[in-house]
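The following exercises ask the reader to work from a sequence and a set of atomic positions. Each task is followed by a solution in steps.

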Amino acid sequence: MTDSPVPAEQLDHLWSRLEDAPARASDPFHTPVLGTVRAADGSCGLRTVVLRRAERADRRLVCHTDTRSSKVADVTVSSRASWLFYDREARLQVRAAGTVRVHTDDDLADAQWHASRLSSRRCYLAEPGPGATLDGPALTLPAALADRAPREEEAAPGRDHFAVLACTVDAIDCLMLQYQGHRRLHFAWDGEGWQARWLAP
Ligand SMILES: Cc1cc2nc3c(=O)[nH]c(=O)nc-3n(C[C@H](O)[C@H](O)[C@H](O)COP(=O)(O)O)c2cc1C
């Protein structure tokens with residue numbers, strides 16, 4: 001981020017950062033916090049996820065998850081979701097909000113499944129699924145796959161549990177920390193373009 005931020009440049013820079021993050025595990029934007037409205041009690045459900053795709057043209061942020069996880073139940077009841085990113089070195093907090101669609105059985109889900117590593121696909125073989133109560137600290141992956149990634153055909157049953165959460169973002173809030181005083185820039189999608197506003201930090 002520059003010293004004299006121009007909103008359009010800031011937004012451009014931000015989307016570049018988001019688009020770069022999925023490919024770089026060390027990027028602080030690689031693992032945002034995803035917030036949903038918990039279906040169970042209306043509270044705020046938060047969890048770390050891996051950002052798998054960011055597409056500025058579609059205003060879309062994408063992560064993968066297990067269909068059995070509570071976040072899928074959450075967004076089925078309330079499709080609104082929030083994302084929180086923080087880059088300590090750049091002293092930049094980004095919050096984004098939007099509407100989530102769950103993809104399980106379409107071209108996007110198929111493409112993301114096939115693009116994912118076998119070691120990632122292994123997670124979807126867990127039994128029981130995320131959030132189930134266990135008798136003790138049991139491991140839920142198949143024992144044969146405890147120390148290795150599955151082969152393609154071994155991973156295939158996991159496809160039934162695989163979901164892509166695609167969030168179309170309509171608000172972005174950037175907080176730029178600076179010794180001289182912080183700056184906060186808010187972008188709202190008005191249906192045709194992004195409207196920028198400076199806010200008191
Ligand atoms: C670094 C890290 C990355 C994670 N990435 C994902 C992810 O991409 N998708 C996912 O469903 N869970 C991911 N998790 C696990 C979630 O944080 C969470 O524990 C799990 O999805 C269950 O969440 P839920 O019950 O709120 O649905 C990740 C956890 C960590 C610590």
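**Exercise 1. Overall architecture**

How many helices and how many strands does the protein chain have? Describe also the extent and burial of the chain.

*Solution.* The model is predicted: local features require pLDDT of at least 70, side-chain atom pairs count only at pLDDT 80 or more, and totals for chains, interfaces and linings use all residues. Residues are numbered from 1 along each chain as its sequence is written, and side-chain values use heavy atoms, with hydrogens and water left out.

Step 1. The protein chain has five helices and nine strands, where helices (H or I, at least four residues) and strands (E, at least two) are DSSP runs numbered from the N terminus.

Step 2. Along the principal axes, the C-alpha atoms fill a box of roughly 55 × 35 × 35 Å.

Step 3. Of the 201 residues in the protein chain, 41% are buried. Buried denotes under 20% relative accessible area, exposed over 50%, and partly exposed the range in between (1.4 Å probe, protein chains only).

Step 4. Contact requires heavy atoms within 4.5 Å. Among contacts in the protein chain with a separation of 6 or more, 62% join residues 24 or more positions apart.

**Exercise 2. The two sides of helix 2**

Determine which residues of helix 2 are buried and what covers them.

*Solution.* Step 1. Helix 2 spans residues 70–77, and its buried residues are Lys-71, Val-72, Asp-74 and Val-75.

Step 2. These residues lie on the same side of helix 2 because they cover an arc of only 155° around the axis; the arc is that of the directions from the helix axis to the C-beta atoms. In general, an α-helix has 3.6 residues a turn, so residues three or four places apart point the same way.

Step 3. The cover over the buried residues includes strand 1 (33–37), strand 2 (44–48), strand 4 (60–66), strand 6 (92–103) and strand 7 (162–176).

Step 4. On the face turned away from the buried side, helix 2 carries the exposed residues Thr-76 and Val-77.

**Exercise 3. The ligand shell**

Identify the residues around the ligand and the polar atoms that approach its oxygen atoms.

*Solution.* Step 1. With a heavy-atom limit of within 4 Å, the shell consists of Arg-47, Thr-48, Val-49, Val-50, His-64, Thr-65, Ser-69, Ser-70 and Lys-71.

Step 2. By class, the shell has two nonpolar, five polar and two charged residues.

Step 3. A backbone N or O atom of Thr-48 lies 2.7 Å from a ligand oxygen atom. Polar side-chain atoms of Thr-65 and Ser-70 lie 2.5 Å and 2.8 Å, respectively, from an oxygen atom of the ligand.

Step 4. The elements giving two or more residues to the shell are strand 2, strand 4 and helix 2.

**Exercise 4. The setting of His-161**

Is His-161 buried or exposed, and which residues does His-161 touch?

*Solution.* Step 1. His-161 belongs to the loop between helix 5 (152–155) and strand 7.

Step 2. His-161 is buried, since its relative accessible area is 15%.

Step 3. Not counting residues up to four places away in sequence, His-161 touches Thr-65, Asp-66, Thr-67, Arg-68, Tyr-124 and Glu-127.

Step 4. The side chain of His-161 makes a polar contact with the side chain of Arg-68 at 3.2 Å. The side chain of His-161 also reaches the backbone oxygen of Tyr-124 at 2.8 Å. A polar contact is a pair of N or O atoms within 3.5 Å; within protein, one must be able to donate a hydrogen and the other to accept it, and residues adjacent in sequence count only if both atoms are side-chain atoms.

Definitions and conventions
Nonpolar A, V, L, I, M, F, W, Y, C, P; charged D, E, K, R; others polar.
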